[in-house]
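Colleague: Got a minute to walk me through this one? I'd like to start with how the chains meet.

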Amino acid sequence: MDISQKIRKAASQTEYIDVRTLSSDSEEILVENGNLSSLRKEFGFKYGVRAFYKGAWGFSHANDIKKFDSVLRDAIKLAKLNATKVKEEFRLADYPTQKANIKFKGRDPTSVGLEPKLKKIIEISKLLNKKEIENRTVGAAFAKHENSFFNSAGSETTETRYAYNFRSTVVGKKSGQIFRAFERFGKTLGYQDFEKINSRKTAELIHQRLLSNFKSKQAPAGRLPIVIDPRLCGVFFHEAVGHACEADAILEKSSVLAGKLGNRIAPESITLIDTPNIEEENGYYHFDSEGIPSAETVLIKNGILNNFLQSRETASKMHMAPTGNGRAESPEHMPCPRMSNTVLRAGTHSFEEALVGIKLGVYAKGSSGGVVEPTNGNFLFNAQEAFLIQNGKITKPLRDVSFGGNILEVLSKIEIVCKDSQRTFMGGVCGKKGQHVPVGEFCPHIKISEAMVGGDTNA
Amino acid sequence: MLDLLTKIAKSGQKYGEILVSLSSAKETSVTYEQNEFNSSSTGYSDLLKIKAVKGRKFGFAVTTDVSKWEDCLKTAVKMMKISPELPSEIQLSVPTKNKKIEHFDKRIDQLNCEKMDAYAVSALNLALDKKLDVPNVGVTSATETLSFANSNQQSYSYSKSLLSFFMECVHGESSGSEGHVFTKIFDTQKYAKDAIEMCIESENMRPIKTMKADLVLDYFGFSNLVSNILMPSFYADRIQNKRSFLTGKLGKKIFSKNLTITDNGMLNDGLFSMPFDAEGTPTQKTVLVENGTVKNFLYDNYSALINKTKSTGNCMDIGRTPCIGATNFCIKPGDLTKEEMLESVKLGVFSKYIMGGHTVNEITGDISVGLSNAWLVEKGKIGCPVKQAMVSFNFFDALKQVSEISRKIRQESNVAAPLVKFKDIQFIS
């Protein structure tokens, strides 16, 4: 079927049409306590059609390509119907036509049989079979996604993405208490990278993390200085700042950063960038879901709010340039401004310097999740691991540490940005408006002079 | 479609036992953002799932292209052949009947974008009349037909409809949001009015001091913790794999005597009511906790065989073995009104929502979460809205001492829950 020809023919009925298709092939392996829990292969095809007319979108999607003509008609019909509801028309700004066919590097992970992957997962599971570990789950997922984009202006792009992720959680009991530890990572790389995973080192890391957690105590609660590692720093800037920089939240006035472009919102040491162009990180891509090439966007420059993340629609409404951040989980969802990889520019301090002067504080590492309310700027994150800082030294392990606060208040309290930026490869996904997209982070350690830490006020 | 599924199950019999399910869905939605129309959409999706089983081995494949069922079957069989053996056999459900469940509302199926747009516009206008901004209001209708067949000639098909509504209002720093999901048409304006009222009542937030005090959690806050911590603790595979707080606690009284919990797949008007679970076992009402004593867990066929018991009809997906989930997870209501519960609070906080429920430790029950749309309560009276408070406590410990439960319950997910009051909770601000 010549999709380009069909939409060029139909374009006379509207101002603009685009079509996204996704051919996907994915696999999942999950082993619990040495027993297979999931061995799954999924393949399929989806497509979504958007039509734009006098400031309004019509959108329709399906799996069955034989229904394309009726799906295209539905999208155009909805666009025209919706145009009668739009109060203020806007013109979708033009964008140069793109033609490309890109394949991510490496060997398609779904072209390799399941046996060697299953073998490695079972191997790691066996290495985690320790007497102090009561429950262990080890799993991996592999995917090949062929995303194609066509629009009525003549763009035709195809991007074939390979990705894998690894997850493991262990649970142990000590002195009647239950503790857990986990590890996860993911890359947009082919199978050859998964093959290189050292089963022994991976199992040992998780095991040692659990042993450290056995010694952990309840964290002190209250307003304390906190040093956060590159992973948690990435999650903090993604959740607490990145979402507030998404242009749809700015236009909806549901972002605490609305009206603050050009204002100082952070110390001069803070320069925050969104960029899809970090190969291997989860948020790596060449074209967004609107066919716009990926680009680096400086969100905060030396503490000053500098830019927002745009889709074609938000860029048109704000009379700014699209930034290549119009992303959608799949052709079944409408694109909207989303982050890719969140990068905090490295500072000049060492990690040791960040600890100096802290009489009582917390060192928090990794993330087990977080949430933010962009409307009012409140956020909360849970650390994967944490330690007490006493008189400038890392001392006891702490458990279930969370830290929260208000974005603008906490940003103003960032005292130190270290020079040790690291790729996090957390393989995480970001959820917004009911859809999830893969994202990554590249950040250093930072010190916040004061943040709310959840724990026990008597600890 | 049942004929096709039965044909697939028969075709695969030369390789082993086959389970096949097909979901065909249609969805329509309308959203308004920043006080103005944003988008409307329609969509159709099919998902064919095939599981091949032989003794203790299984393989599973999924496709969105029903016409490629033969490839899907071959893939599932191929995976079954390479899969390692499980400790126990995988049993298929046998042909059984169950009562019908009526949760298909033709009126929802007939909703089009224009009708749904009218719901959204009415809600929006209510907020604009009060000079509030509306970052988001959305209405979604969905209908789904689920069909299933297996090599044991168990088969079924049923249709379900869902209407969902959500609105968020803001005014300055304050915000309010409400939503509802139901299998029948409902009055969306009621929830719009609740969101507006919440936003207005959240103005002029003030911080509270770090303290230990009472916490009264409204439905959304409480059900968030229940679904992330309590509910999964009852899944039999987590018990068997020692990944649950309830391991070793069957028959023990570990919760407050005021707590009674059931899982009921046949609940009248239950959002997650279904005649059969994902592997074709009839659903039922299972008493999990009675007056504080743990009575039962939730099983699918595989986990039930390990414990030499019967499935409770709680298999949620044939893709994993086991794969257990709750249907309608119901906390029995108490006998107090919300007003009566607040009256007895000398010092505390009433909170609608919590932030970060998905980050909690579901095994230990330790939580540190933020509160959202919360109000200080002093000497039984609701006072100022609270700014930026967190709470830290152990959820299982808190459930041991819960004494006040509201008589009104609500269901917006697979948790049907009342308001509850917890005493002596650590607040951090």
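**Chat about the two chains**

Modeller: Sure. Between chain B and chain A there are 25 residue pairs in polar contact, counting pairs with both residues at pLDDT 80 or more. Keep in mind that this is a predicted model.

Colleague: Which part of chain B gives the largest share of the side that touches chain A?

Modeller: That's strand β2 (residues 36–54) of chain B, with 12 residues.

Colleague: And by class, what is that side of chain B made of?

Modeller: The side of chain B that touches chain A has 31 polar, 25 nonpolar and 16 charged residues.

Colleague: How many salt bridges are there between chain B and chain A?

Modeller: Seven salt bridges. One of them links Glu33(B) to Lys433(A), where the closest N and O atoms are 2.9 Å apart.

Colleague: OK, and how much area do chain B and chain A bury between them?

Modeller: About 6200 Å², with 54% of it on carbon and sulfur atoms. Tyr44(B), Met355(B) and Gln388(B) supply 11% of the area chain B buries against chain A, more than any other three residues.

Colleague: How many residues does the contact take from each chain?

Modeller: It takes 77 residues from chain A and 72 residues from chain B.

Colleague: In which sense do β2 of chain A and β3 of chain B pair, parallel or antiparallel?

Modeller: Parallel: strand β2 (residues 35–53) of chain A and strand β3 (residues 57–63) of chain B pair over four bridges. If you want a spot to look at, Glu42(A) stands opposite Val62(B) in β3(B).

Colleague: Switching topic to chain B on its own. How many helices and strands are in there?

Modeller: Chain B comes to 10 helices and 19 strands. Its radius of gyration is 24 Å, close to the 22 Å the globule rule gives for 429 residues, so chain B is as compact as a globular protein of that length. The C-alpha trace of chain B spans about 70 × 55 × 35 Å along its principal axes.

Colleague: What about β4 and β5 in chain B, how many bridges do they pair over?

Modeller: Strand β4 (residues 133–150) and strand β5 (residues 155–171) of chain B pair antiparallel over 15 bridges. Ser147(B) stands opposite Ser157(B) in β5(B). Their hairpin has four residues between the strands, and Gln153(B) takes a positive phi near 65 degrees there.

Colleague: And which residue takes a positive phi in the hairpin of β5(B) and β6(B)?

Modeller: Gly172(B), near 65 degrees, in a hairpin with two residues between the strands. Nine bridges join β5(B) to strand β6 (residues 174–182) of chain B, running antiparallel. Phe165(B) stands opposite His180(B) in β6(B).

Terms used:
Residues numbered from 1 in each chain as written. Chains lettered and ligands numbered in written order. Predicted model: local features only at pLDDT ≥ 70, side-chain atom pairs only at ≥ 80, totals over all residues. Heavy atoms only, no water. Contact = heavy atoms within 4.5 Å. Buried area = accessible area lost by both parts, 1.4 Å probe. Salt bridge = Lys/Arg side-chain N within 4 Å of Asp/Glu carboxyl O. Polar contact = N/O pair within 3.5 Å; in protein donor to acceptor, adjacent residues only side chain to side chain. Nonpolar A, V, L, I, M, F, W, Y, C, P; charged D, E, K, R; others polar. Pairing = 2+ DSSP bridges. Rg over C-alpha atoms; globule rule 2.2 N^0.38 Å.
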